[in-house]
Amino acid sequence: MAEPSTTGDRQPVKRSFRETYWYELGALADGFLKVLFVVGVVYLPAVVVVHTLREGVEFVSGTEPTSSYCPDAEPGRCTLLDEDLTWSLAPGAAMETTLKPSRPAIARGAQGWMSVHDGCAGAEVAWQIFADDTQVVSGVIRPGPPRELESARRVAPPVERIRITAHRTDTVNCTATFEWAEAKADVPWPVWPWHLWPL
């Protein structure tokens, strides 16, 4: 009679309910951490980059502004393309500039910060921004801290052109520097992966 084999098929180890519970919970936690890693390291940076590229504006016609990127940033800190547009306005001067959004199909307005640089005390600039033919925001600004376009109106896409006009309303005899800092089109954030393409 053959001896029973000690190297044959082994029966699976039976775990208690508690052991099985913690084992499954650990597997779920491991999978969740992997998903968080992909989202944090790959997806979120891609969302930021794509959104930044879609916010851009490009000069088309009119009074051409001086353009600069991150002029006040510390060395190595200009990672996003924050474009500042400036115009020099002599006493009584006016200007009009037309810009094109990077993604007209999803553009719905404008965003950024408006200011008049120090150095021309008493200067006053009245300005308006249009999305195509619809005025989305306007104001009057004097030298001082920049003011955010937080009250800018949104319109239904597409927006083919963004137009800004400005004129001096004061009588002081000096040239004022009018600035639209972080000049951008207002576009929605991409939420789902299929929103990332095309740029």
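Start by selecting glutamate 124: in this predicted model its relative accessible area is 18%, so it counts as buried. Now add arginine 142, its salt-bridge partner, with the closest N and O atoms 2.5 Å apart. The two come from distant parts of the chain, 18 residues apart: glutamate 124 is in the loop between strand 5 and strand 6 (125-131), and arginine 142 is in the loop between strand 7 (134-141) and strand 8 (147-148). Unlike its buried partner, arginine 142 is partly exposed, at 48%.

Next, pick arginine 108 and aspartate 186. Their side chains meet in a salt bridge, 3.2 Å from N to O. Here 78 residues separate the partners, with arginine 108 in the loop between strand 4 and strand 5 (110-116) and aspartate 186 in the segment after strand 10 (176-185). Aspartate 186 has 10% relative accessibility, so it is buried. Bring in Arg154 too: shared salt-bridge partners join Arg108, Arg154 and Asp186 into one network.

Now jump to arginine 163, which does two things worth a look. It forms a salt bridge with glutamate 96, closest N and O atoms 3.7 Å apart, linking strand 9 to strand 4 (residues 94-101) across 67 residues. Its charged end also sits over the ring of phenylalanine 130, 4.2 Å from the centre. Arginine 163 is partly exposed at 21%, and so is glutamate 96 at 40%.

Last stop: threonine 165, also in strand 9 (residues 162-168). What does it touch beyond its neighbours within four places in sequence? Show Met95, Glu96, Ala126, Trp127, Gln128 and Phe130. At 15% relative accessibility, threonine 165 is buried.

Definitions and conventions
Residues are numbered from 1 along each chain as its sequence is written. This is a predicted model: local features need pLDDT of at least 70, side-chain atom pairs count only at pLDDT 80 or more; totals for chains, interfaces and linings use all residues. Side-chain values use heavy atoms; hydrogens and water are left out. A charge sits over a ring if NZ of Lys or CZ of Arg is within 6 Å of the ring centre and within 35 degrees of the ring normal. Helices (H or I, at least four residues) and strands (E, at least two) are DSSP runs, numbered from the N terminus. Buried means under 20% relative accessible area, exposed over 50%, partly exposed in between (1.4 Å probe, protein chains only). Contact means heavy atoms within 4.5 Å. A salt bridge is a side-chain nitrogen of Lys or Arg within 4 Å of a carboxyl oxygen of Asp or Glu.
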